[in-house]
Amino acid sequence: MTKLEQLRRQKNISQSKLGLAIGVNPNIISQIERGWRKPYPKLLQSLAAYFGVPIEEIANPDGSLKEMDNKTA
């Protein structure tokens, strides 16, 4: 599970609602959470702002999403 997915589930919001809230196609949220694509920098900024966290909390320096280990997920 990615940190993004964990934050989204903690807020009890669907991928569709998250996509609509930040102005992207909900399919992009799904693809990012599954690791099929990297979020572009502006999208990372929008996600971090939406959840009120620094970008570094959800993404690695290369732009890929941070994975949660099974103990913290």
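**Close-up 1. The buried residues of α4 pack against α1, α2, α3 and α5 (55–58).** This is a predicted model, as are the views that follow. Here we look at α4, where the buried set is made up of Leu43, Leu44, Leu47, Ala48 and Phe51. Look down the helix axis and these buried residues sit within an arc of 135°, so they line one face of α4. Turn to the other side of α4 and you meet Pro41, Lys42 and Ala49, which are exposed. Right after the helix comes Gly52, with a positive phi near 70°.

**Close-up 2. Helix α2 (residues 15–22) has Leu18, Gly19 and Ile22 as its buried residues.** Why do they end up on the same side of α2? Around the axis they cover an arc of only 100°, and that is what puts them together on that side. Their packing partners are α1 (3–10), α3 (26–33) and α4 (41–51). Lys17 and Leu20, over on the other side of α2, are exposed. Just past the end of α2, Gly23 has a positive phi of about 80°.

**Close-up 3. Asn12 sits in the loop between α1 and α2.** Have a look at the backbone here: Asn12 isn't a glycine, yet its phi is positive, at about 55°. Is Asn12 buried or exposed? With a relative accessibility of 72%, against a cut-off of over 50%, Asn12 counts as exposed.

**Close-up 4. Lys3 and Glu57 join their side chains in a salt bridge, with an N to O distance of 3.5 Å.** This pair links distant parts of the chain, since Lys3 belongs to helix α1 and Glu57 to helix α5, 54 residues apart. The two partners are worth checking one by one for accessibility. Lys3 has a relative accessible area of 15%, so this lysine is buried. Glu57 comes in at 32%, which makes this glutamate partly exposed. How many salt bridges does the structure hold? There are three, and the other two get their own views below.

**Close-up 5. Arg9 and Glu5 form a salt bridge within helix α1.** The closest N and O atoms of this pair are 2.7 Å apart. Along the chain, Arg9 and Glu5 are separated by four residues, or about one turn of the helix. Glu5 has a relative accessibility of 14%, and since the cut-off for buried is under 20%, Glu5 counts as buried. As a bit of background, side chains of opposite charge can pair when their charged atoms come close.

**Close-up 6. Glu33 and Arg8 make a salt bridge, their closest N and O atoms lying 2.7 Å apart.** Which helices do the partners come from? Glu33 is in helix α3 and Arg8 is in helix α1, so the pair ties together parts that are 25 residues apart in sequence. Both Glu33 and Arg8 are buried. If you're still thinking about α3, recall that it also shows up among the helices that the buried residues of α4 pack against, and the buried residues of α2 pack against α3 too.

Conventions. Residues are numbered from 1 along each chain as its sequence is written. Side-chain values use heavy atoms; hydrogens and water are left out. Buried means under 20% relative accessible area, exposed over 50%, partly exposed in between (1.4 Å probe, protein chains only). Helices (H or I, at least four residues) and strands (E, at least two) are DSSP runs, numbered from the N terminus. The arc is that of the directions from the helix axis to the C-beta atoms. Contact means heavy atoms within 4.5 Å. A salt bridge is a side-chain nitrogen of Lys or Arg within 4 Å of a carboxyl oxygen of Asp or Glu.
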